[in-house]
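Hi there,

Here is the structure I promised to pass on. Have a look at it first, and my notes come after.

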Amino acid sequence: MSQTATHDLEGTVGLLALLADPTRLRLLCLLDGAELSVAELTRITDLPQSRVSTHLGRLRAASLLVEHRVGNSTRLTLDRQQLPAAEAELWNLLHARTDDRLLAADRERRDALVRDREREAGWPDEVAGRMEHSYSPGRTWEATARGLVGLLRLGDVLDVGSGDGVLTTLLAARARSVTCLDRSPRVIEAAAERLGRLPNVQLLEGDMHALPFPAQSFDQVLCFHSLTYADEPARALGEAARVLRPGGDLVLVTLHAHAHSEIAAAYSHVVDGFTLPELRRLCEGAGLHVTCCDITSRERKKPYFEVVTVFAQRPADAEVGKQPPRARPPRERARIPQSPRS
Ligand SMILES: C[S@@+](CC[C@H](N)C(=O)[O-])C[C@H]1O[C@@H](n2cnc3c(N)ncnc32)[C@H](O)[C@@H]1O
């Protein structure tokens with residue numbers, strides 16, 4: 001599939017014309033994140049099969065759909081990860097901004113059909129290859145995370161922007177020590193209530209831009225969903241790197257750059273997420289060696305926020321944190337343009 005980032009004039013008009021059709025939009029909405037055969041699409045939409053096939057042919061020719069065989073049938077899907085870049089941007093926008101009773105009814109019928117299909121085929125066979133997207137009782141990400149924690153052997157952990165200690169409830173038993181640092185006294189108080197008096201847990205009010213610890217104090221630094229609160233992300237990451245021991249790990253989880261300032265502002269974010277190159281640059285600027293920097297999940301409800309995971313390590317013999325990279329002006333609400341995935 002081509003990964004063209006832009007179209008010429010004719011290409012753009014062609015793409016707009018392709019999408020400017022209610023039936024094709026209906027089909028794309030149905031196929032976004034679901035795999036359906038022509039027969040199933042016909043059943044859901046109540047349209048003649050020939051009409052459905054004709055429209056699907058056009059969408060497939062424009063690389064908007066991928067197909068694969070399941071037993072005797074061919075199923076189609078719109079996989080956003082595989083869309084060409086310009087098409088993905090346009091589709092994300094259209095999908096987030098379009099709502100309609102007909103589309104909602106389609107969705108309900110589709111979900112019922114998929115549930116029936118799974119029941120008939122047997123759940124494991126039906127969802128083979130995409131189990132992570134399919135519900136089965138009790139198999140939640142929380143349950144999985146709580147199990148995976150058993151594999152951890154942690155040293156001295158600093159949780160930057162810890163919130164009210166929910167991560168610490170998971171990690172404390174697997175770590176030599178956990179230090180929760182948060183700017184908000186109220187949040188730290190709530191953490192104290194939640195965590196009680198765990199002997200290896202310390203709770204501290206403090207600012208991620210000026211960590212109140214000597215250099216090389218921690219084996220692991222976590223920064224989960226707090227970097228979007230940083231007035232100066234480069235300084236915050238410089239501080240995280242400074243307090244890491246050589247060979248220590250930073251794990252950063254944050255929003256990918258987005259265009260939904262009004263939603264993020266309601267959660268007090270001051271940065272509208274980060275692009276992958278920007279996060280990589282920030283970590284490397286702090287002297288860290290980045291081993292993973294990727295979009296690792298995408299919310300399933302609108303506006304489909306994407307989440308980035310970064311793993312970075314302080315090299316064994318590096319001098320880090322001495323010169324934090326250039327900072328943004330304080331309180332500036334960063335406007336970072338959405339970048340193509342890299
Ligand atoms: C979305 S919460 C994340 C909590 C936790 N890390 C989690 O994943 O459950 C962000 C937290 O960062 C804290 N925070 C915001 N700015 C901060 C700063 N400059 N220094 C330290 N903590 C900060 C907020 O008070 C809030 O508790």
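Below is what turned up around the ligand, in the strands and in two loops.

A word on the basis: this is a predicted model, where local features need pLDDT of at least 70, side-chain atom pairs count only at pLDDT 80 or more, and totals for chains, interfaces and linings use all residues. Numbering starts from 1 along each chain as its sequence is written, and side-chain values use heavy atoms, with hydrogens and water left out.

The ligand has 16 residues around it (a heavy atom within 4 Å), and those that come nearest are Gly-161, Asp-182, Asp-207, Met-208 and Phe-224. Backbone polar contacts (N or O pairs within 3.5 Å) reach ligand nitrogen atoms from Gly-161 at 2.8 Å, from Met-208 at 2.9 Å and from Arg-183 at 3.2 Å. Alone, the ligand exposes 600 Å², of which the protein buries 83% (Shrake-Rupley, 1.4 Å probe).

Asp-182 also belongs to strand E4 (residues 175-182), which runs parallel to strand E5 (residues 201-205) and is joined to E5 by 5 bridges (DSSP; pairing needs at least two, and a strand at least two residues). In that pair, Asp-182 stands opposite Glu-205.

Two residues other than glycine have a positive phi. Asp-46, near 65°, sits in the loop between helix H3 (38-45) and helix H4 (49-61) (DSSP helices have at least four residues). Asp-46 is exposed (over 50%) at 61% relative accessibility. Ser-63, at about 60°, lies between H4 and strand E1 (66-70) and is partly exposed (20% to 50%) at 22%.

Best wishes

How values were computed:
Polar contact = N/O pair within 3.5 Å; in protein donor to acceptor, adjacent residues only side chain to side chain. Buried < 20%, exposed > 50% of the residue type's maximum accessible area, 1.4 Å probe, protein only.
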